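Thank you all for coming this morning. I would like to walk you through one structure at a gentle pace, so please have the sequence and the picture open as we go.

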Amino acid sequence: MRALFDALPGAVPGRHPVQIVSQLDESQLEGLLSDASLVARVSREDSDLSALLASGPGEPDIAYFSPEFGISDLVPQYSGGLGVLAGDHLKAASDLGVALCGVGLFYRGGFFRQALANGAQAERYETYEPADLGCVDTGVAVTVPMGDREVVARVWRLAVGRVSLVLLDTDVEINAEADRHITDRLYSGDRRHRLEQELVLGVGGARAVRELGWTPSVHHLNEGHAGFLSFELVDREVQAGRTLDQAVAAIRPGLVFTTHTPVDAGIDRFELDLVSTYLAPWADRWGIDVDQLVELGHAPDDDPPVFNMAALGLRVAGRANGVSKLHGEVSREL
């Protein structure tokens, strides 16, 4: 199919087919429509794709959360191995008919393009519109508690074969200017920016899945970045009358945590003064002290004490794994 689009007038390598087609003028479209061979080929491709999508696995039973997804170089929402593996998970799920959906963020600035200038790395960002990358507006928006305020995130859907990738985007008019930039770029900004992105991914992602009418029995954390989804799941149990400990025990069987980081420095940690502000609304809602929530992210070897996202993932998940046997050994040592 990609070769078909690359042959269209004005096709530029690295550009999404949606962009190519949307920029064709009327005379170019008429020329394509007069090409019987091309029309027949497009018709066959469309029929094959429609048949494939119609055989989808249905409502997702697994929600797979990741900060990046490497679907294609035409959809620049990833930086490296974590995203490539996440993208391959979705493609494999589509091929195998696994009832899975992906949950991530939509970065309008993507990840930087790298170049060399005077012997040093130069970074260049481009701006992307969701519709230009094949995303469809679901009409769903969710709110995410962000300390003393709430942030709204629009929910986009991207079809990856027979499965859906749900992407949250805070660049909506109702948000304050600073909040519109929460999901601006992948892995950029300061610690506060990273923390706010992870709250949108975890809490907002879990709420988006529910608002779409899906009730997955398993939530899978691809690294600790989406660990705050556990707060949203715990909240549902607390509102049903359980204590914090009972709520954590109730959600644990349905949580899986995969760690990718083979070095200690790669684990997300947030200073307690910073993270406590964002944990406060949950503590107030549950009638507990913030220190009880801080304990969920406590790792004994962290000095000074911080909120450790890997510790949170390991503590709340019923199952944890690595990406290889050797990596499992390294992770256990960490």
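Before we begin with the helices, one definition is needed: the axis of a helix is a line fitted to its C-alpha atoms over the stretch in contact, and the angle between two axes runs from 0 to 180 degrees between their N-to-C directions. Two packed helices are described by that angle together with the distance between the axes. Please also keep in mind throughout that what you see is a predicted model.

Let us start with helix 8, which covers residues 229-239, and helix 10, which covers residues 272-286; these two pack at an angle of about 15°, and their axes are 11 Å apart. Because angles under 35 degrees count as roughly parallel, helix 8 is described as roughly parallel to helix 10. The crossing of helix 8 and helix 10 is left-handed. On the side of helix 8, the contact is made by Phe-231, Glu-232, Val-234, Asp-235, Val-238 and Gln-239, while helix 10 brings Leu-279, Trp-282, Arg-285 and Trp-286. If we sort the residues of this contact by class, we find six nonpolar, one polar and three charged.

Helix 8 also meets helix 9, residues 244-251, and here the axes come within 9 Å and cross at roughly 115°. The crossing of helix 8 and helix 9 is right-handed. Helix 8 takes part in this contact through Ser-230, Leu-233, Val-234, Glu-237 and Val-238, and helix 9 takes part through Leu-244, Ala-247, Val-248, Ala-250 and Ile-251. By class, this contact of helix 8 with helix 9 has eight nonpolar residues, one polar and one charged. If you compare the two lists, you will find Val-234 and Val-238 in the contact with helix 10 and again in the contact with helix 9.

Now to the aromatic rings. How many aromatic pairs does the structure hold? There are nine aromatic pairs, and I will show you two of them. A pair of aromatic rings is described by the distance of the centres and the angle of the planes. For Tyr-64 and Phe-69, the ring centres are 6.3 Å apart and the planes stand at 65°, so this pair is edge-to-face. Tyr-64 has a relative accessibility of 1% and therefore counts as buried, and Phe-69, at 3%, counts as buried too.

The second pair is Phe-111 with Tyr-187, where the centres are 6.5 Å apart and the planes stand at 80°, so this pair is also edge-to-face. It links distant parts of the chain, 76 residues apart, since Phe-111 is in the loop between strand 2 and strand 3, and Tyr-187 is in the loop between helix 6 and helix 7. At 21% relative accessibility Phe-111 counts as partly exposed, and Tyr-187, at 26%, counts as partly exposed as well.

Staying in that loop between helix 6 and helix 7, we also find Ser-188. Is Ser-188 buried or exposed? At 14% relative accessibility, Ser-188 counts as buried. Leaving aside neighbours within four places in sequence, Ser-188 is in contact with Tyr-125 and His-193.

There is one aromatic cluster that takes us back to the helices, and it is formed by Phe-228, Phe-231, Trp-282, Trp-286 and Phe-307. Among its members, Phe-231, Trp-282 and Trp-286 appear in the contact of helix 8 with helix 10.

Let me turn finally to the backbone. Most residues other than glycine have a negative phi, and most peptide bonds are trans. Asn-118 has a phi near 55°, a positive value in a residue other than glycine, and it lies in the loop between strand 3 and strand 4. Asn-118 is exposed, with a relative accessible area of 86%. Glu-223 is not a glycine either, yet its phi is positive, at about 75°; this residue lies in the loop between strand 8 and helix 8. With a relative accessible area of 8%, Glu-223 is buried.

Which peptide bond is cis, with omega near 5°? It is the bond from Asp-303 to Pro-304, and Pro-304 is placed in the loop between helix 11 and strand 11.

One last residue to look for is Leu-116, which lies in strand 3 and is exposed, with a relative accessible area of 73%. Leu-116 and Arg-162 are 46 residues apart in sequence, and in space they are 39 Å apart, from C-alpha to C-alpha.

How values were computed: Residues are numbered from 1 along each chain as its sequence is written. This is a predicted model: local features need pLDDT of at least 70, side-chain atom pairs count only at pLDDT 80 or more; totals for chains, interfaces and linings use all residues. Side-chain values use heavy atoms; hydrogens and water are left out. Helices (H or I, at least four residues) and strands (E, at least two) are DSSP runs, numbered from the N terminus. Angles under 35 degrees count as roughly parallel, over 145 as roughly antiparallel, 65 to 115 as roughly perpendicular and the rest as oblique. A crossing is left-handed if the near helix is turned anticlockwise from the far one by less than a right angle, and right-handed if clockwise. Contact means heavy atoms within 4.5 Å. Ala, Val, Leu, Ile, Met, Phe, Trp, Tyr, Cys and Pro count as nonpolar, Asp, Glu, Lys and Arg as charged, and the others, Gly among them, as polar. Rings of Phe, Tyr and Trp (its six-membered ring) pair if their centres lie within 6.5 Å; planes under 30 degrees apart count as stacked, over 60 as edge-to-face and the rest as tilted. Buried means under 20% relative accessible area, exposed over 50%, partly exposed in between (1.4 Å probe, protein chains only).
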